[in-house]
Every structure is written in structure tokens, then in C-alpha cells.
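Me: I'm new to reading protein models and would like to go through one step by step. Could you answer my questions as we look at it together?

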Amino acid sequence: MEGANEKLLHLTFEEAERTESSENADNSSVQSSKFILWLQIFIFTFFILGGQAVGTLLGRVYYEQGGKSRWIATLAQTAGFSILLPFICYPSTKNHNEQDLIIHQPSIFVRASVYIFLGLFQVANSMSFTVGVQYLPASTYSLISGTQLAFNAITSFLLNGQKITAIILNSIVLLSFSSSAVIFQNETDDSGEISQKSLLIGFTVTTFGSLGYALQFSLTELAFQKVFKSSTLKEVLQMSFFIGFFTTIASLTGLFASGNWRDLEKEMGEYRTGKSSYVINLVCSAIAWQLYALGSFGLFFKASSLFSNVIINFGGSIVPIFAMVFLKDRITGLKVLSLLLGLWGYTSYIYQHYLDDLEAKTRVIIASDNQDDDF
């Protein structure tokens with residue numbers, strides 16, 4: 001009888017050791033997954049900040065050196081989709097979970113409809129901001145476009161179930177002020193008289209553009225959640241590629257319909273630093289903006305549309321620093337204030353993610369303790 005008890009006790013200890021070993025393996029797997037997730041988020045964030053800074057500066061150089069076509073500048077923001085083609089065509093290995101997901105993938109018609117809709121939506125939003133810049137003073141334009149993040153918080157809450165805490169709200173307010181700090185700066189562009197009609201047109205289209213981009217971000221995240229339902233990086237690449245493709249088609253249509261294509265040879269000839277510099281500028285701009293778009297879609301997929309918008313607004317605060325280094329812009333106190341507000345807002349948002357992660361770890365520990373007590 002005593003030997004049977006000892007054998008039973010031995011088996012119990014072995015079972016406990018196996019359970020503990022299994023829990024340690026699970027914890028290790030969870031930690032590894034979290035590390036990979038944050039590494040991907042860091043890479044996508046780098047793509048957004050780097051692409052936004054390089055694309056913005058090259059856009060300024062384009063106009064300063066004699067470029068005039070807004071359609072060409074818009075085209076340069078989308079034509080870089082072709083660099084993703086090798087990654088789209090490269091065959092990827094599929095695990096069992098991904099094979100199960102393939103069964104529930106949407107049809108080609110549904111995919112194409114989503115890509116075309118989001119692509120045309122992006123063109124409309126881009127042109128709204130282009131018209132807004134033309135009709136509004138720089139300070140007014142910056143103030144209105146800075147509301148994009150606030151609009152995105154509302155659309156994310158309504159469409160994506162985004163949790164809005166006091167810390168996230170604080171981050172949104174800080175980043176909105178950061179991107180709109182230019183309203184307190186006297187600019188030579190603001191000195192001219194602007195008619196009430198121009199102000200009304202500029203205000204309307206810029207507000208539409210801000211709301212449109214916020215809605216586009218939330219709809220893109222919703223497409224990942226409800227339509228594609230895929231957990232692969234290739235899905236991000238495909239969405240970035242095909243939206244860029246349809247947006248480029250729309251931009252080319254606008255370029256030829258407006259007749260601006262007839263002036264391209266003349267524009268290249270009058271470009272101050274030469275034709276080769278003109279081509280290099282546009283090619284590098286296309287690559288930079290494609291990395292920016294890829295980073296945005298990646299954060300939609302791995303985090304949320306609001307997280308992506310937070311990074312974009314933060315990027316707008318650090319672009320003046322790059323302009324000071326590479327274009328010899330004059331740094332002002334307001335630009336430094338904008339950068340500090342952006343850093344504060346970005347840190348607040350990351351702190352909220354830290355708190356969420358800490359809360360999740362606490363729930364796991366409590367659940368594990370409850371299981372041990374039951375055992």
C-alpha cells in the first residue's frame with residue numbers, strides 16, 4: 001500500500017513538472033511573439049518617419065528647383081508601388097493556421113473592389129489637401145489639417161472599437177497642437193489678401209481631406225479585420241501594392257486629362273539642376289513615399305489606424321529638424337516647441353501601450369495562480 005502511495009506521489013510530481021515545463025514553454029513563446037511584434041512595429045515606424053521626412057524634403061526640392069506639376073508630385077507619392085512586386089511574387093511557406101485562413105479568404109472581385117475604393121479615396125483626399133494649400137494661408141491650412149488625428153480618434157472608436165483612455169486623449173491633443181503650432185508663426189505667405197470665397201473653398205476641401213484621411217485609415221484597418229482576416233505580412237504588402245497601383249492609374253488619368261503631360265519636357269529642361277537630377281528626385285520620392293505607405297499599412301495591421309496616425313503626426317514634428325540639417329532651414333522656437341509637444345504626445349501613447357501590456361501580464365498571472373489553486 002505504501003509503495004502504491006509512493007508511486008502515485010511520484011506520478012503527481014512528474015505531472016506537476018510537465019505542467020510547469022509546459023507553462024514555461026508557453027511563456028517563452030509569448031515573450032518571443034511579443035518581441036517579434038514590437039520589432040515589426042519599430043520597423044514600420046521607421047519606414048513612416050524616414051519615408052515621410054525624405055519624401056517631404058524631396059517634394060520641397062522639386063518645387064524649389066523649378067518643378068510645377070502637382071499631378072507629377074502626386075504621382076511620385078504612389079508610383080513606387082512597383083518595388084514591392086518581387087516580394088508579392090515570392091512564394092511563402094504556409095503553416096496550418098494560414099492554410100485554414102485561405103479557405104475563408106475573399107474573392108478576387110471583393111479584393112479588387114476594396115483596393116479600388118481605397119485607392120480612389122486616397123486620390124480624392126490627396127487632391128483635397130492640394131487644393132487646400134492653394135486656397136488657404138499656410139497657418140490656417142496647418143490648423144485644419146491638424147484635426148485629422150482627432151477625426152481619426154472618433155472614426156477608430158466608432159468603426160474599430162478603439163479604446164480611448166485619458167492618456168490616449170492627452171496624446172491626441174498634444175500631437176494635434178504639435179502639428180498645428182505653425183498658426184502662431186508669422187509667415188510671408190499669409191500677408192496677402194484672400195477672398196472670402198477662397199477661404200470658404202479652402203476650408204471646405206481641407207476639412208473634407210482631414211476627415212477623409214481619418215475615415216480612410218479606419219476603413220483600411222476595418223478591411224484587415226473584417227474582409228481579409230489574414231495574419232500574414234504578405235497581406236500588408238499586397239494591400240500596399242494594389243492600392244498604390246490603382247492610385248497611380250487614377251493619378252495618370254488626371255495627368256493626361258488635365259493636359260499637364262504636354263509640359264513635362266519643358267519642365268525637365270527648365271529644372272535648375274538638370275534633367276538627371278529631376279528624374280532622380282522623382283524616383284527617390286516614389287521609393288520614400290512607398291516605404292511611408294508600407295509602414296502605414298503595417299501599423300494598421302500590427303497595431304491600429306490610430307497608432308499609425310500618431311506616428312504620422314509625430315513625423316510632421318520632426319521633419320523641420322531634417323529640413324534644418326539638409327536644406328539649411330532656420331530653426332525657430334515654435335518648431336522646437338512643436339517637436340517637444342510631438343515627443344510628449346508620442347511618449348504618452350507608447351506609455352498607454354505599456355500599461356495595456358502590464359495589465360495583460362497581470363491577468364495571465366492571476367489566471368495561472370487560479371489554475372494552481374484548483375490543482
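Below, we go through this predicted model by question and answer.

Me: How many helices and strands does the protein chain have?


Reply: Happy to start there! From the N terminus on, every entry in the run of elements is an α. The count of strands is 0, and the count of helices is 14.

Me: What percentage of the residues of the protein chain count as buried?

Reply: A residue counts as buried when its relative accessible area is under 20%. The chain has 375 residues to sort in this way. The share that counts as buried is 39%.

Me: Among contacts between residues at least 6 apart in sequence, what percentage join residues at least 24 apart?

Reply: For this one, follow the chain and look at which parts touch. A contact here is a pair of residues with heavy atoms within 4.5 Å. Taking the contacts between residues at least 6 apart, the part that joins residues at least 24 apart is 86%.

Me: Which residues have the most contacts inside the largest nonpolar core?

Reply: In soluble globular proteins, nonpolar side chains tend to be buried together. The largest core in this model has 42 residues. Another core, of 9 residues, lies apart from it and includes Ala-73, Leu-255, Tyr-271 and Leu-282. In the largest core, the residues with the most contacts are Phe-224, Phe-228, Met-239, Leu-299 and Leu-306.

Me: Which residues is Phe-228 in contact with, leaving aside its neighbours within four places in sequence?

Reply: Phe-228 also belongs to an aromatic cluster, whose members include Phe-81, Tyr-115 and Phe-301. Leaving aside the neighbours within four places, Phe-228 is in contact with Gln-105, Pro-106, Arg-111, Val-114, Tyr-115, Ala-223, Glu-235 and Met-239.

Me: Which residue forms a salt bridge with Glu-235?

Reply: The pair links distant parts of the chain, with Glu-235 in helix 10 and its partner in helix 5, 124 residues apart. Glu-235 is buried, because its relative accessibility is 3%. The partner is buried too, because its relative accessible area is 15%. The closest N and O atoms are 2.9 Å apart, and the partner is Arg-111.

Me: Are Glu-270 and Lys-68 buried, partly exposed or exposed?

Reply: These two side chains meet in a salt bridge, at 4.0 Å from N to O. Glu-270 is in helix 11, while Lys-68 is in the loop between helix 1 and helix 2, 202 residues away. Exposed means over 50% relative accessible area, and partly exposed lies between that and the buried range. With 43%, Glu-270 is partly exposed, and with 61%, Lys-68 is exposed.

Me: How many residues apart are Glu-64 and Arg-60?

Reply: Glu-64 and Arg-60 form a salt bridge, with the closest N and O atoms 2.9 Å apart. Glu-64 is partly exposed at 41% relative accessibility, and Arg-60 is partly exposed at 30%. Both lie in helix 1, about one turn of the helix from each other, and the separation is 4 residues.

Me: What kind of aromatic pair do Tyr-213 and Phe-217 form?

Reply: A pair of aromatic rings is described by the distance of the centres and the angle of the planes. Tyr-213 and Phe-217 are about one helical turn from each other, because they are 4 residues apart in helix 9. Tyr-213 is buried at 15% relative accessible area, and Phe-217 is buried at 7%. The centres are 6.3 Å apart with 70° between the planes, and planes over 60 degrees apart make the pair edge-to-face.

Me: Which helix gives the largest share of the nonpolar patch?

Reply: This surface patch covers about 770 Å², and among its residues are Phe-157, Ile-164 and Phe-177. Ile-164 lies in the loop between helix 7 and helix 8, and Ile-164 is partly exposed, at 33% relative accessible area. The elements that give two or more residues are helix 7 and helix 8. The largest share, 4 residues, comes from helix 7.

Me: Is Thr-155 buried or exposed?

Reply: Thr-155 is found in helix 7. Not counting residues up to four places away, Thr-155 touches Asn-160, Ala-214, Leu-215 and Ser-218. The relative accessible area of Thr-155 is 10%, so Thr-155 is buried.

Key. Residues numbered from 1 in each chain as written. Predicted model: local features only at pLDDT ≥ 70, side-chain atom pairs only at ≥ 80, totals over all residues. Heavy atoms only, no water. Patch = residues over 30% accessible without salt bridge, like charges linked within 9 Å, V, L, I, M, F, W, Y side chains within 5 Å. Areas by Shrake-Rupley, 256 points an atom, 1.4 Å probe, with all protein chains shown as cover. Buried < 20%, exposed > 50% of the residue type's maximum accessible area, 1.4 Å probe, protein only. Phe/Tyr/Trp six-rings, centres within 6.5 Å; stacked < 30°, edge-to-face > 60°. Core = buried A, V, L, I, M, F, W, Y, C linked by side-chain atoms within 4.5 Å.
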